[in-house]
Amino acid sequence: MGMFSWTERSPQVLQSGGVIGPDERLPWGQTGLMGVQHVIAMFGSTVLAPILMGFDPNMAVFMSGIGTLIFFLITGGKVPSYLGSSFAFIGVVIAATAYAGKGPNANIGVALGGIIACGAVYTLVGLIVQLVGTGWIERFMPPVVTGAIVAVIGLNLAGIPVKNMASNNFESWMQALTFVCVGLVAVLTRGMVQRLLILVGLLVASVLYAVLTNGMDLGKPLDLSGVINAPWFGLPSFHAPVFSGNAMLLIVPVVIILVAENLGHIKAVTAMTGKNLDQYMGRAFIGDGVATMVSGGLGGTGVTTYAENIGVMAATKIYSTAVFLVAALIAVLLGFSPKFGALIQAIPLPVMGGVSIVVFGLIAIAGAKIWVENKVDFSQNKNLIVAAITLILGTGDFTLKFGDFALGGIGTATFGAIILYALLNRRQD
């Protein structure tokens with residue numbers, strides 16, 4: 001079978017409850033529609049992460065497309081994955097750049113240097129996995145550890161929407177209205193609408209926001225003048241990286257989280273398709289690492305394989321890598337539209353805050369899901385202690401200083417989980 005040729009299957013396969021595998025595809029028309037859906041799925045998080053770090057969202061979308069193409073090439077089109085902005089970088093980037101939470105990040109350069117360093121280490125891990133397999137990773141990072149680390153990413157970010165994205169009582173109520181909208185869409189709708197729950201909830205909440213502010217004068221009105229004035233086409237804002245030892249030491253540990261995510265996603269797709277993708281694990285790490293370096297080199301966020309898109313695959317039973325090729329090309333085009341960037345910026349902050357509460361919460365629950373699916377036994381004290389301490393270190397943002405270098409919540413939790421497990425996993429029952 002050629003590297004980039006897919007066996008075409010008829011849509012009837014899906015109606016009879018069948019699965020479209022990674023090396024198959026639907027007719028190009030439907031493949032195109034599925035690509036659009038994947039762009040929408042990755043969209044909320046891919047633009048939210050850069051906004052929270054003061055990066056350019058257009059650039060992030062553009063680099064997510066480029067990153068997905070790089071990943072596609074390096075894995076030989078065998079692993080269905082979309083690469084979007086990683087949330088694992090948010091906490092450490094804010095710490096490294098002392099970002100205040102509003103507007104463009106003045107110290108973006110040092111963050112980019114750290115992101116590139118992280119991508120380089122990640123690529124190295126991929127090369128080692130290519131040579132010796134993944135056994136060593138799984139020994140250091142059993143499900144109790146990976147679940148705790150993933151949960152902490154969501155919990156560590158909890159303060160951002162709650163403390164920084166609502167400046168008065170009306171805006172707090174607006175956040176609540178937003179997450180209720182997302183929840184209702186998730187539970188009451190079916191089919192395509194349900195799969196686009198974040199986007200649909202965001203749109204409904206934005207309309208309600210406009211009614212309450214522009215219509216009833218309750219808060220800061222929705223302003224679309226930026227969208228109207230923005231040009232249709234233009235370049236995203238490129239930034240050069242700055243390599244600072246401190247920032248690199250702060251950001252490189254994120255590699256552990258990226259490895260855990262990517263490993264988990266490949267295992268998930270293997271479980272869902274019945275096709276073992278373990279042989280591509282090293283290539284997947286290298287693809288993700290190279291994509292992260294390229295993104296950081298131009299002014300984008302670090303990228304990771306996206307759980308949102310795995311969710312879409314699980315819901316649609318379409319695992320064709322052709323879909324991701326289409327999605328990547330659409331994202332690259334969107335990156336060149338300032339009008340589209342202005343539209344993202346026009347979304348009211350409390351609505352973004354309400355959506356963030358849902359997205360961060362979903363990340364935290366994804367960690368718990370890893371525990372449940374792997375039947376982690378919490379009657380064993382080593383599992384109990386590792387999970388308990390990790391969650392509080394990350395949520396409380398426990399910081400340790402080594403001279404001038406400070407390791408913040410996500411870092412202490414990540415290393416803490418791995419080291420504690422190694423320490424406590426002494427006595428075999």
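Is Leu424 buried, partly exposed or exposed? In this predicted model, Leu424 is partly exposed, its relative accessible area being 33%. The close-ups below start from this residue and then move on to a charged pair.

**View 1. Leu424 in its helix.** Let's begin with Leu424, which is found in helix 21. With 33% relative accessible area, Leu424 passes the 30% cut-off for patch residues. Leu424 indeed belongs to a nonpolar patch on the surface, shown next.

**View 2. A nonpolar patch on the surface.** Joining Leu424 here are Phe378, Leu384, Ile385, Ile389 and Leu423. Together, these residues and Leu424 have about 480 Å² of accessible area. Two elements, helix 20 (381–395) and helix 21 (409–424), each give two or more residues to the patch. Helix 20 gives the most, with three residues.

**View 3. The salt bridge between Glu373 and Lys369.** Now for the charged pair: Glu373 and Lys369 form a salt bridge, and their closest N and O atoms lie 3.6 Å apart. A search of the whole structure finds one salt bridge, so this close-up shows the pair that meets the 4 Å cut-off. Side chains of opposite charge can pair when their charged atoms come close.

**View 4. The setting of the pair in helix 19.** Both partners sit in helix 19 (residues 349–373), and because they are four residues apart there, about one helical turn separates Glu373 from Lys369. How do the two compare in exposure, and which values go with them? Glu373 is exposed, at 53% relative accessible area, while Lys369 counts as partly exposed, at 49%.

Conventions:
Residues numbered from 1 in each chain as written. Predicted model: local features only at pLDDT ≥ 70, side-chain atom pairs only at ≥ 80, totals over all residues. Heavy atoms only, no water. Salt bridge = Lys/Arg side-chain N within 4 Å of Asp/Glu carboxyl O. Buried < 20%, exposed > 50% of the residue type's maximum accessible area, 1.4 Å probe, protein only. Patch = residues over 30% accessible without salt bridge, like charges linked within 9 Å, V, L, I, M, F, W, Y side chains within 5 Å. Areas by Shrake-Rupley, 256 points an atom, 1.4 Å probe, with all protein chains shown as cover.
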